[in-house]
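Open the model in your viewer and keep the selection box ready. We will go stop by stop.

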Amino acid sequence: MSLVLSGQGEKTSPLLRAARKYSAYLSYPLAICGLLWLLALPSSHFWRRVYFSENAMLPGQVQTSFGAPSHLDAMKQLDTALQAADRAQGLESVFADMGLDTEIQHFGYDKIPRVENATGTNVHGILKARRSDSVEALVIAASWTTADNDSNVNGVRLLAGLAKYASEQTFWARDIIFVVTDSGEIGIEAWLRAYQGLSTNAPLFVRSGIIQAALSIELPPAKMYSGLGVHFEGKGGQLANLDYVNMVQYVSRLERMPAYLHGVPDVSRKSSWWTKYRAATQMLLRQVRTQAFGSSTGIHAPFLRYRIDAITLAGIPRANDPVSALFKSQNVFADTDVPELPSAQQIGRTIEATMRSLNNLLERFHQSFFFYMLPANQRYLSIGDYVPAAALMIASLLVQAMHLWWMQGPKELRSDNPQTRITRINAYYQLLRSTLPSSIRIILRVHCFGLVLLLVPRIFASSVLSDTTTTAYLFTMALASISMVLHTADTYWSHASKVEWRQLKALVDMYVAVIIACLSVMNFSLAIALFVVAGLPLVLTRAWKIQSRYQRALGILLLLFASPVSTMTLGRNVVLGLHPLDFTSSPFRMFLTDFYHFGSLVYPLVCLVYWPVNLLSMIIVLVPEANTSN
C-alpha cells in the first residue's frame with residue numbers, strides 16, 4: 001500500500017515512475033515470452049546429456065546370471081500353483097517354498113468414493129538379507145493387470161523367477177520385498193499405508209525395514225518383447241530421482257533390452273530438425289499430461305508419495321507378435337502363453353542389474369535431480385531451464401495487477417501536481433474504503449461456491465458420481481456458474497460506483513500469481529496448465545475497451561470456452577485420451593477419485609481456484625465502468 005500511495009506525490013523514485021509508465025505495455029509481452037520459452041524447450045539447444053551423480057551404484061559392473069533352470073522352474077511352479085488354488089494362496093505357497101516370509105492382506109476400498117465398494121488382496125514375501133539386520137529394504141512389485149487394464153500374468157511370472165534368483169544369492173545388503181496386488185495403484189496404496197503404519201483396517205504383521213527404492217513390472221501378453229518402457233511420474237507431479245532413471249536405461253542397453261521413456265524410441269539422428277522437434281514436443285507433452293493430471297502410469301506412483309524412488313518397467317511387444325496381436329484383436333490370452341526364453345532372460349537380467357546397483361547404494365538417492373523434464377532418451381532439462389517460463393507468466397500477472405491498481409479511480413488521482421498531493425491521497429483512501437470491501441466480498445462469495453462444489457461430492461456421492469448423472473452434474477455446474485455471474489453483475493450494475501473492475505482484476509491477478517508461484521516449485525506441469533486455462537484468460541479479460549452489450553456477450557462466450565466444463569470435455573478426448581462416450585471415465589471422476597485415494601491437488605484446484613477465477617473473469621467483463629472512473 002505504501003508503494004502505491006508513494007506514487008501519488010512528487011517524491012516518486014525513478015524506478016517507480018518507469019514502472020508506472022511502462023507497466024501497461026509489459027503484461028502481454030511477458031505472457032507471450034513465457035509461452036515462447038515453453039515452445040523453445042523441445043529445441044536441442046536446451047538439452048543436456050545425462051550423467052551419474054551417485055557413483056556408489058556402479059551400474060553394469062556385475063555379471064548377471066538370471067535365467068538358470070531353477071529360475072524358469074519357479075515360473076512354471078507359479079503356473080501350477082495358480083491352477084490348483086486361487087491366485088493369492090497359490091502365490092503365497094510359491095513364496096513360502098522359496099523361504100520367504102509371506103503374508104496375505106485383504107482390504108476393502110471404495111472403487112468410486114462412497115458409491116461402489118470393492119475388496120482387494122495383496123500378497124508379499126520378504127527375503128531377509130543375510131548380511132544385514134533388516135533395517136532397509138527394496139521392493140519389486142507387480143499387479144495382475146497393467147495400467148492399460150491388460151493381463152500382467154507374464155509380469156507376475158517374472159517376479160516369481162526373480163524371487164527364486166534372489167533367494168539363491170548371499171550378497172544382498174538389504175531385504176527384498178516381493179509384492180503382488182490385484183487392485184493396481186489402489187492396492188499398492190493400501191499395502192503402503194499398512195506397511196507405514198498409517199492404516200489399521202488391514203494391518204501387516206510381516207514387515208521389514210525402511211523402503212529405499214521400488215521397481216514395478218508390467219509385461220502385457222506377448223511371446224517376445226523388443227524393449228521396455230520407463231515410467232517415472234507420480235500422481236502429484238513427484239518424480240523418481242534422475243540417477244535411477246539413467247541407471248535403468250544404462251543397464252538395459254547392456255542387456256540388449258533397451259528401455260525407452262514411456263516406451264517411445266528416439267527418432268533417427270539423420271531426421272530433420274522439425275522431426276526431432278516434434279518428437280521432443282510429444283514427449284514433453286506426455287510428461288506434462290501425466291504430471292499435471294495424474295493419469296495412470298503404473299503401480300510405482302503410490303511409492304513416490306512416501307518419498308520412495310520408484311519406476312515402472314513396461315514390456316513393449318515385438319511387432320507382429322502373434323500373442324499380442326490375438327489379445328488386441330479378440331482380447332484372448334491363455335495363461336500358458338509364456339514369453340520365450342530370450343526375452344524373459346533379457347528383461348530379468350535388466351531387473352537383476354538394477355537391483356544389484358540399488359543394493360550398492362550407501363543411502364537414499366539424493367545427489368541427482370528430483371525436478372527435471374526429459375525431452376528425449378539420455379537427455380534432460382534441469383529445473384533452471386524451464387522454470388523461467390513460469391516466472392515470466394507470473395510476472396505478466398503481477399505487472400498487470402500493478403498497472404490496474406494504479407489506474408483505478410478517477411483521472412485526477414493520477415495527477416503529478418505537487419500542490420494537490422494531500423487531497424489526492426485522501427481521495428485515494430476514500431476510494432479504497434468504498435470499493436475494496438465490495439471487491440473482497442465478491443471474491444469470497446465466489447470461493448464459497450467453489451467450496452460447496454468441493455464438498456458436494458463427498459456429501460451426496462451416490463447422486464453425483466453415478467454413471468447417469470456425471471454429465472448432468474457438470475452441466476448443472478455450468479448453469480449455476482452463469483446464473484451466479486448474471487446475478488452478481490445485476491446486483492452491482494446499479495451500484496457501479498461501489499465496484500471498480502480494475503481493482504477487482506488486480507486482486508485476482510495477484511491471487512492467481514501467488515497460486516502459480518507456489519505450484520511451480522512443486523508441480524511445474526500443473527502450474528503451467530493452470531496458467532493456460534485460468535491465468536491466460538484472466539490476463540486477456542477486458543484487454544480492449546468494452547462499449548456495448550455485444551462485446552460483453554462475446555467476452556462471456558470466450559470465457560465459457562475456457563471454463564472447467566469446456567476444458568474437461570476437451571480433455572476427455574484430447575488431453576486424457578478417453579473415449580467420447582465413456583462417461584464412467586470422465587476427467588471429473590478421475591480427478592475426484594485421485595483426490596480421494598491419493599490426495600491429488602487437481603480436484604481442489606478446479607473447485608477453489610480454476611472455477612472461481614473463471615467466474616470472477618466473467619464478473620469483470622460484466623461490471624461496467626464506475627461512474628467516477630475514466
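The tour starts with the whole chain, then moves through strands, loops and helices.

**Stop 1: the whole chain**

Show everything as a cartoon. This is a predicted model. Colour by secondary structure and you should find 21 helices and 11 strands in the protein chain. The chain has 630 residues, and 53% of them are buried.

Now turn on contacts. Take those between residues at least 6 apart in sequence: 80% join residues at least 24 apart. Switch to a surface view. The accessible surface comes to about 27800 Å². Carbon and sulfur atoms hold 59% of that area.

**Stop 2: the sheet of β1, β11 and β10**

Select 48-49 for β1, 372-376 for β10 and 379-382 for β11. These 3 strands form an open sheet in the order β1-β11-β10, and the pairing is antiparallel. Which strands stand at the edges? They are β1 and β10. Each has a single partner strand, so one side of each has no neighbour in the sheet.

Zoom in on β10 and β11. They pair in the antiparallel sense over 3 bridges. Pick Y372 and look across to β11: S382 stands opposite. Then pick A376, whose bridge partner in β11 is R379.

Step into the turn. The hairpin of β10 and β11 has 2 residues between the strands. One stop there is Q378, which takes a positive phi near 65°.

Is β10 enclosed or open to the outside? Of its 5 residues, 5 are buried, so β10 is largely enclosed by the rest of the structure. An edge place in the sheet thus goes together with burial here.

**Stop 3: β9 and its two partners**

Select 309-317. This is β9, and 7 of its 9 residues are buried. The strand is therefore largely enclosed by the rest of the structure.

Add 210-218, which is β6. β6 and β9 pair in the parallel sense over 6 bridges. To find the register, pick E218: its bridge partner in β9 is A314.

Add 225-231, which is β7. Here the pairing with β9 is antiparallel, again over 6 bridges. Pick Y225 and look for P317, its bridge partner in β9.

Keep the general picture in mind as you show the hydrogen bonds. Strands of a sheet pair through backbone hydrogen bonds, in either the parallel or the antiparallel sense.

**Stop 4: two loop residues with positive phi**

Stay by β9 and select R307. This residue sits in the loop between α9 (301-305) and β9. Its phi is near 60°, a positive value in a residue other than glycine. R307 is exposed, with a relative accessible area of 73%.

Next, select N149. Where is N149 placed? It lies in the loop between β4 (136-143) and α5 (153-167). Phi of N149 is near 65°, also positive in a residue other than glycine. N149 is exposed too, at a relative accessible area of 63%.

**Stop 5: α2 and α12**

Select 14-40 for α2 and find P29 in that helix. P29 counts as partly exposed, at 37% relative accessibility. Now add L392. P29 and L392 are 363 residues apart in sequence, yet their C-alpha atoms are 9.3 Å apart in space.

Select 383-407 for α12 and pick H403 in it. Is H403 buried or exposed? At 18% relative accessibility, H403 counts as buried. Leave out residues up to four places away in sequence, and H403 touches S23 and A24.

**Stop 6: α20 against α21**

Finish with residues 587-598 for α20 and 602-622 for α21. Two packed helices are described by the angle between their axes and the distance between the axes. For α20 and α21 the angle is about 115°, with the axes 7 Å apart. That makes α20 roughly perpendicular to α21.

Show the side chains in the contact. From α20, select F588, F591, L592 and F595; they meet V602, Y603 and P604 of α21. What kinds of residue make this contact? The contact of α20 with α21 has 7 nonpolar residues, no polar and no charged.

Notes
Residues numbered from 1 in each chain as written. Predicted model: local features only at pLDDT ≥ 70, side-chain atom pairs only at ≥ 80, totals over all residues. Heavy atoms only, no water. Helix = DSSP H or I, 4+ residues; strand = E, 2+ residues; numbered from the N terminus. Buried < 20%, exposed > 50% of the residue type's maximum accessible area, 1.4 Å probe, protein only. Contact = heavy atoms within 4.5 Å. Areas by Shrake-Rupley, 256 points an atom, 1.4 Å probe, with all protein chains shown as cover. Pairing = 2+ DSSP bridges. Axes fitted to C-alpha atoms, helices over the stretch in contact; angles between N-to-C directions. Parallel < 35°, antiparallel > 145°, perpendicular 65-115°, else oblique. Nonpolar A, V, L, I, M, F, W, Y, C, P; charged D, E, K, R; others polar.
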